[in-house]
Amino acid sequence: MKVLVPVKRVLDYNLKVRVKPDQSGVDLSNLKMSMNPFDEIAVEEAVRMKEGGGGHAAGAASEVIAVSIGPQQAQETIRTALAMGADRGILVQVDGDVEPLAVAKILKAICDAEQPGLVILGKQAIDDDSNQTGQMLAALLDWPQATFASKIALSDGKAAVTREVDGGLQTLSVALPAIVTTDLRLNEPRYASLPNIMKAKKKPIDMKTAADYGVDVAPRLQVVKVAEPAKRQGGAKVKTVQELVEKLKNEAGVL
Ligand code: AMP
């Protein structure tokens, strides 16, 4: 079974986001970009399905394919996936923002061509927080979906997926081929070792364009405004309950 893992190049999660002065978006110039953290978890799970580990039998996945849709530099994101253990990559080169629907349409075309048994995506990209691509892809392919996975168990052409829902855990059984999206607690992704980073340089990456898949990536949504969150005010310690009550009454105005 082939496993397809879409990996997005996003602003590194450790960096503070700066809004452009004209409020048209986020300033990405000269900042470190990395693989979306939920996609690292997806790559880790797919590689464990190939190598064995995390409850998966070795060979459950025969091949792990990492796909990125983005600028030329998204090749680095694919190389990271290859260094973690993916076998080959596909870069669909698109400059500028690509909306989840366009990404899902491209991924659908890739699924039609590659026929994977499983697509593992992140539950959301930390840049746009859309949480849409996996769901849209499942709809376009008419495949079952299990989102926000904290555990995946494969057997007999099915995946039992445990999901974190409000107040507990839900386990779904989906027939393969299926779409799964990862939650934070599914696994702890590995760091690529230096020898594996070197080996990854020799693994193949197919270079494609959106036109190769007949997908129009023109935006359908218009961003009206991007603004910084309101600044938080500093906290203060009080010595007595009386002082607290007084502050709540006179300063916060909540009593
Ligand atoms: P989103 O719906 O934008 O929050 O993204 C959810 C997931 O879809 C991500 O975690 C990725 O696995 C995948 N994805 C979204 N955009 C891209 C992209 N441009 N290239 C590759 N994968 C993507």
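Q: A salt bridge is a side-chain nitrogen of Lys or Arg within 4 Å of a carboxyl oxygen of Asp or Glu. Why is the pair of Asp 127 and Lys 8 called a salt bridge?
A: This is a predicted model, and in it the side chains of Asp 127 and Lys 8 come to 3.2 Å, N to O. The cut-off is 4 Å, so the pair qualifies. Asp 127 sits in the loop between strand S6 (118-122) and helix H4 (133-141), while Lys 8 sits in the loop between S1 and strand S2 (9-11), so this bridge ties together parts that are 119 residues apart in sequence.

Q: What makes Asp 127 and Lys 8 partly exposed?
A: Partly exposed runs between the 20% limit for buried and the 50% limit for exposed. Asp 127 has a relative accessibility of 43% and Lys 8 has 26%, so both fall in that middle range.

Q: How do you know that Lys 8 also forms a salt bridge with Asp 128?
A: The closest N and O atoms of Lys 8 and Asp 128 are 3.3 Å apart, which is within the 4 Å limit. Here too distant parts of the chain are linked: Lys 8 is in the loop between S1 and S2, Asp 128 is in the loop between S6 and H4, and their positions lie 120 residues apart in sequence. Asp 128, at 34% relative accessibility, counts as partly exposed.

Q: What makes Glu 114 and Lys 2 a salt bridge, and which parts of the chain does the pair link?
A: Their closest N and O atoms are 2.8 Å apart, again within 4 Å. The pair links helix H3 (residues 100-114), home of Glu 114, to strand S1 (residues 2-6), home of Lys 2, across 112 residues. Both residues also belong to a network of salt bridges with Glu 63 and Arg 88. By the same rule, the count comes to 15 salt bridges.

Q: Is Glu 114 buried or exposed, and how do you know?
A: Glu 114 has a relative accessible area of 14%. Buried means under 20%, so Glu 114 is buried. Its partner Lys 2 has 23%, so Lys 2 counts as partly exposed.

Q: Why are strands S7 and S8 said to pair?
A: Pairing needs at least two bridges. Strand S7 (residues 145-155) and strand S8 (residues 158-165) are joined by six, so they pair, and they run antiparallel. Ala 153 stands opposite Ala 160 in S8. The two strands form a hairpin with two residues between them, and Asp 156 in the turn has a positive phi of about 50°.

Q: How do you know that S8 pairs with strand S9?
A: S8 and S9 (residues 168-175) share eight bridges in the antiparallel sense, and at least two are enough. Thr 162 stands opposite Thr 171 in S9. This hairpin also has two residues between its strands, with Gly 167 in the turn at a positive phi of about 80°.

Q: What makes Gln 23 and Gln 115 stand out in the backbone?
A: Most residues other than glycine have a negative phi. Gln 23, in the loop between S2 and strand S3 (33-35), has a positive phi of about 60°. Gln 115, in the loop between H3 and S6, has a positive phi of about 50°. Gln 115 is exposed, because its relative accessible area of 59% is over 50%.

Q: Why is the contact between Thr 133 and the ligand called polar?
A: A polar side-chain atom of Thr 133 lies 2.7 Å from an oxygen atom of the ligand. The limit is 3.5 Å between N or O atoms, so this is a polar contact. Backbone atoms take part as well: an N or O atom of Ile 69 lies 2.7 Å from a ligand nitrogen, and one of Gly 122 lies 3.0 Å from a ligand oxygen. The protein covers 99% of the 480 Å² of accessible area that the ligand has on its own.

Q: Which strand gives the most to the shell around the ligand?
A: S4 does, with three residues. The shell divides into seven nonpolar, eight polar and three charged residues.

Conventions. Residues are numbered from 1 along each chain as its sequence is written. This is a predicted model: local features need pLDDT of at least 70, side-chain atom pairs count only at pLDDT 80 or more; totals for chains, interfaces and linings use all residues. Side-chain values use heavy atoms; hydrogens and water are left out. Helices (H or I, at least four residues) and strands (E, at least two) are DSSP runs, numbered from the N terminus. Buried means under 20% relative accessible area, exposed over 50%, partly exposed in between (1.4 Å probe, protein chains only). A polar contact is a pair of N or O atoms within 3.5 Å; within protein, one must be able to donate a hydrogen and the other to accept it, and residues adjacent in sequence count only if both atoms are side-chain atoms. Accessible areas come from the Shrake-Rupley method with a 1.4 Å probe; for residues, only the protein chains shown count as cover. Ala, Val, Leu, Ile, Met, Phe, Trp, Tyr, Cys and Pro count as nonpolar, Asp, Glu, Lys and Arg as charged, and the others, Gly among them, as polar.
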